[in-house]
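This report concerns aromatic contacts and strand pairing in one protein model. The sequence and structure are shown first.

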Amino acid sequence: MNVAARRAVTAYFEYGTRPGSYTAHTANVQLAAGVPTNTLLEGLKPNTRYYYRMRYREGDAKTFVARAEHSFMTQRSPGSTYTFVVQFDPHLMDGNDMEAYRRSLRKMAADAPDFMIDLGDTAFVDRYTPARMGVDAFQAHLESRNQLTRSYFDLINHSVPLYLVIGNHEGEWNNKLDGTANNIAVMGTLTRKRYFPNPEPNGFYSGTTRLEQYVGLRQTSYAWEWGDALFIALDPYWNAPRAPEQAGDWWT
């Protein structure tokens with residue numbers, strides 16, 4: 001679970017396999033105001049729907065307030081049928097019809113998918129650069145764009161796990177790297193990882209284990225099995241001198 005609280009709170013998650021009945025819970029976690037924080041739900045069984053809710057308290061409050069209950073599905077068994085949804089290029093620019101986008105997200109949620117794959121150009125941060133805006137102003141731009149994106153994904157991703165794939169407008173390109181930490185590729189990667197954590201290799205996910213300077217594991221090339229399918233996410237931008245759409249037919 002990735003949570004960014006508006007105010008500093010103490011929180012935990014409780015969860016179980018029946019609505020309103022929570023047989024497990026996480027330890028308390030301290031959430032700083034505006035800082036995305038990951039919490040791991042452990043001991044989950046495969047092919048099972050779990051119901052969960054977050055509870056939190058502010059300051060010296062004695063009781064924890066309960067937020068709304070949501071649910072998610074764990075890995076489907078081979079032979080299972082299921083639904084997943086895909087979107088791409090949300091952009092979230094001034095000319096977009098945002099009510100139409102909200103309707104699209106609600107329609108996807110109504111399909112009760114097991115997960116959602118976003119194919120990139122999501123936060124759309126590359127209209128500006130640190131060199132153009134200054135490092136601090138550009139970091140504020142990254143935070144604003146990622147927070148805006150989350151405000152729409154909140155309509156679905158409380159119950160539909162999200163997987164991100166990198167697009168050309170994330171700015172995470174090889175040709176943006178300059179050997180420092182203050183470029184769009186590094187700053188964009190670090191901010192994306194805070195707000196939208198992607199899989200890293202473990203007992204369930206496979207993926208690249210290569211550590212990159214300043215950013216560590218980039219969480220952009222990974223794979224997992226669900227039912228009878230193998231899903232593979234690839235990143236064609238970080239390790240290529242040019243984007244695949246500019247480099248002839250090497251990608252195909």
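In this predicted model, a search of the whole structure finds 22 aromatic pairs. The ring centres of Phe115 and Trp224 are 5.5 Å apart and their planes stand at 75 degrees; planes over 60 degrees apart count as edge-to-face, so this pair is edge-to-face. The contact links distant parts of the chain: Phe115 belongs to the loop between helix H1 (98–110) and strand E10 (116–118), whereas Trp224 belongs to strand E13 (residues 222–226), 109 residues apart. Both Phe115 and Trp224 are buried.

Phe115 also forms an edge-to-face aromatic pair with Trp226. Because Phe115 lies in the loop between H1 and E10 and Trp226 in strand E13, this pair ties together parts that are 111 residues apart in sequence. Trp226 is buried, as is Phe115.

The geometry of the two pairs is as follows.

| Pair | Centre to centre | Angle between planes |
|---|---|---|
| Phe115 and Trp224 | 5.5 Å | 75 degrees |
| Phe115 and Trp226 | 5.4 Å | 85 degrees |

Phe115, Trp224 and Trp226 are among the members of one aromatic cluster, which also includes Tyr82, Phe84, Tyr163, Phe204, Tyr205, Tyr222 and Phe231.

Strand E10 also takes part in an open sheet of three strands, in the order E9-E10-E11 and with parallel pairing. Strand E9 (85–87) and strand E11 (162–164) are the edge strands, each pairing on one side only. On average, neighbouring strands of this sheet are turned by 20 degrees against each other, direction ignored. E9 and E10 run parallel and are joined by three bridges; Gln87 has Asp118 in E10 as its bridge partner.

How values were computed. Residues numbered from 1 in each chain as written. Predicted model: local features only at pLDDT ≥ 70, side-chain atom pairs only at ≥ 80, totals over all residues. Heavy atoms only, no water. Phe/Tyr/Trp six-rings, centres within 6.5 Å; stacked < 30°, edge-to-face > 60°. Helix = DSSP H or I, 4+ residues; strand = E, 2+ residues; numbered from the N terminus. Buried < 20%, exposed > 50% of the residue type's maximum accessible area, 1.4 Å probe, protein only. Pairing = 2+ DSSP bridges. Axes fitted to C-alpha atoms, helices over the stretch in contact; angles between N-to-C directions.
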